[in-house]
Amino acid sequence: MHNTFLAVIIALGLVTSGAFIGNGLERFRMADRSIVIKGLAEQSVDSDYVTWPLTVRRAGDSFLSVQQSLAADRDKLVGFLHGLGFTGSEMEIRPLVVTDAYSREYASSNSPTRYSGSAVVIVNSERVAAVSAAALATDPLIAAGVQLDLGTGPSYALRAFNDAKGPLLKAATENARAQAVKFASESNASLGDLKSANQGIIQISGTGGNPYDSASSREKRLRVVSTFVYYLK
């Protein structure tokens with residue numbers, strides 16, 4: 001897996017049990033002299049797996065004609081993928097589906113075509129770059145008369161999430177401790193033991209920072225905010 005690290009470690013500042021009170025900030029609990037530190041770590045990582053569903057559609061007044069056209073289009077689609085270097089093990093070829101509009105409940109005889117159908121081929125591959133390139137090269141299929149429905153395009157995933165999780169949490173922990181040491185020094189104190197820690201939830205989003213566009217984004221942005229409570233001596 002090719003990881004592109006753009007590690008950006010930002011101190012979120014110091015938050016304690018108090019808030020702004022009077023003219024100052026209560027920076028630590030007087031009872032046990034503890035401070036709360038939040039550390040933010042961000043990292044960009046390339047996806048390592050992709051799923052690309054491709055659908056061909058046909059409609060007509062003859063069941064046999066629709067079925068044969070779908071089978072021919074599916075063959076063209078599979079041949080196109082083979083030509084781009086994809087293997088049979090990377091393709092999931094679904095059975096043809098043909099429906100009769102007149103056989104449906106509350107069917108209307110005014111339907112422009114009686115039969116409609118689809119054929120689906122799904123590419124599942126670790127070759128993310130190859131699929132990304134193929135998704136931009138489907139014009140020959142359209143030119144060949146294949147009625148191709150690309151849907152939302154490839155869906156990208158990060159299966160090696162745990163490999164990226166460790167360094168991200170380590171970065172957040174190191175940053176939080178550095179901030180705690182700095183605060184203790186500025187307060188004429190020394191940093192004591194760690195009282196408690198909460199690693200937080202790692203968020204995965206697309207490059208735009210929106211978690212809902214994560215699947216469509218080849219590059220994943222990981223973000224975590226961890227919270228640590230230290231004693232002061």
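A nonpolar core is a set of buried Ala, Val, Leu, Ile, Met, Phe, Trp, Tyr and Cys residues joined through side-chain atoms within 4.5 Å. Keep that in mind as you go through these close-ups of a predicted model.

**View 1. The largest nonpolar core brings together 24 residues.** Seven of them, W52, L54, V56, L77, L81, F86 and V123, touch the most other members. Two or more residues come from each of β5, α1 (63-83), β8 and α2 (128-134). Helix α1 is the top contributor to this core, giving 6 residues. There is a general habit behind such a picture: in soluble globular proteins, nonpolar side chains tend to be buried together.

**View 2. Here we zoom in on W52 and its contacts.** Leaving aside residues up to four places away in sequence, W52 touches L81, V121, I122, V123, V131, A134, A135, T138, L150, G153 and P154. Try finding L81 and V123 in this list, as both were also named among the core members with the most contacts to other members. A second core, separate from the one above, has 11 residues, including A41, V45, L158 and L168.

**View 3. Strand β5 pairs with strand β8, among others.** Strand β5 covers residues 49-60, and β8 covers residues 115-125. The two run antiparallel and are joined by 11 bridges. Which residue of β8 is the bridge partner of G60? It is Y115. Strand β5 also pairs with β10 (residues 155-157), in the antiparallel sense and over 3 bridges. In that pairing, Y49 has A157 as its bridge partner. A further antiparallel pairing links β5 to β9 (residues 148-149) over 2 bridges, and there T55 is matched with D149.

**View 4. S125 sits in strand β8 and makes polar contacts through its side chain.** Is S125 buried or exposed? Its relative accessibility is 2%, so S125 counts as buried, the cut-off being under 20%. The side chain of S125 makes a polar contact with the side chain of E90 at 2.7 Å. The S125 side chain also reaches the backbone nitrogen of R127, at 2.9 Å. Beyond residues up to four places away in sequence, S125 touches Y49, V50, E90 and V131. You have met Y49 already, as the residue whose bridge partner in β10 is A157.

**View 5. E42 forms a salt bridge with R221 and another with R223.** In the E42 and R221 pair, the closest N and O atoms are 3.1 Å apart. This pair links distant parts of the chain, with E42 in strand β4 (residues 34-46) and R221 in strand β13 (residues 219-232), 179 residues apart. For R223 and E42, the closest N and O atoms are 3.4 Å apart. R223 is also in β13, and 181 residues separate R223 from E42. How accessible is each of the three? E42 counts as buried because its relative accessibility is 13%, under the 20% cut-off. R221, at 26%, counts as partly exposed, and R223 is partly exposed too, with a relative accessible area of 30%.

**View 6. E126 and R159 form a salt bridge between two loops.** Their closest N and O atoms are 2.7 Å apart. E126 lies in the loop between β8 and α2, while R159 lies in the loop between β10 and α4 (161-186), 33 residues apart. With a relative accessible area of 57%, E126 is exposed; R159 is exposed as well, at 51%. Looking back at the previous view, salt bridges that share partners join E42, R221 and R223 into one network. In total, the structure holds 9 salt bridges.

**View 7. F63 and Y115 form an aromatic pair.** The count for the structure comes to 1 aromatic pair. How are the two rings arranged, stacked or edge-to-face? They are edge-to-face, with 5.7 Å from centre to centre and 80 degrees between the planes. F63 belongs to helix α1 and Y115 to strand β8, and the two are 52 residues apart. F63 counts as partly exposed at 43% relative accessibility, whereas Y115 is buried, with a relative accessible area of 12%. Y115 has a second role to spot here: this residue is also the bridge partner of G60.

Notes
Residues numbered from 1 in each chain as written. Predicted model: local features only at pLDDT ≥ 70, side-chain atom pairs only at ≥ 80, totals over all residues. Heavy atoms only, no water. Pairing = 2+ DSSP bridges. Helix = DSSP H or I, 4+ residues; strand = E, 2+ residues; numbered from the N terminus. Buried < 20%, exposed > 50% of the residue type's maximum accessible area, 1.4 Å probe, protein only. Polar contact = N/O pair within 3.5 Å; in protein donor to acceptor, adjacent residues only side chain to side chain. Contact = heavy atoms within 4.5 Å. Salt bridge = Lys/Arg side-chain N within 4 Å of Asp/Glu carboxyl O. Phe/Tyr/Trp six-rings, centres within 6.5 Å; stacked < 30°, edge-to-face > 60°.
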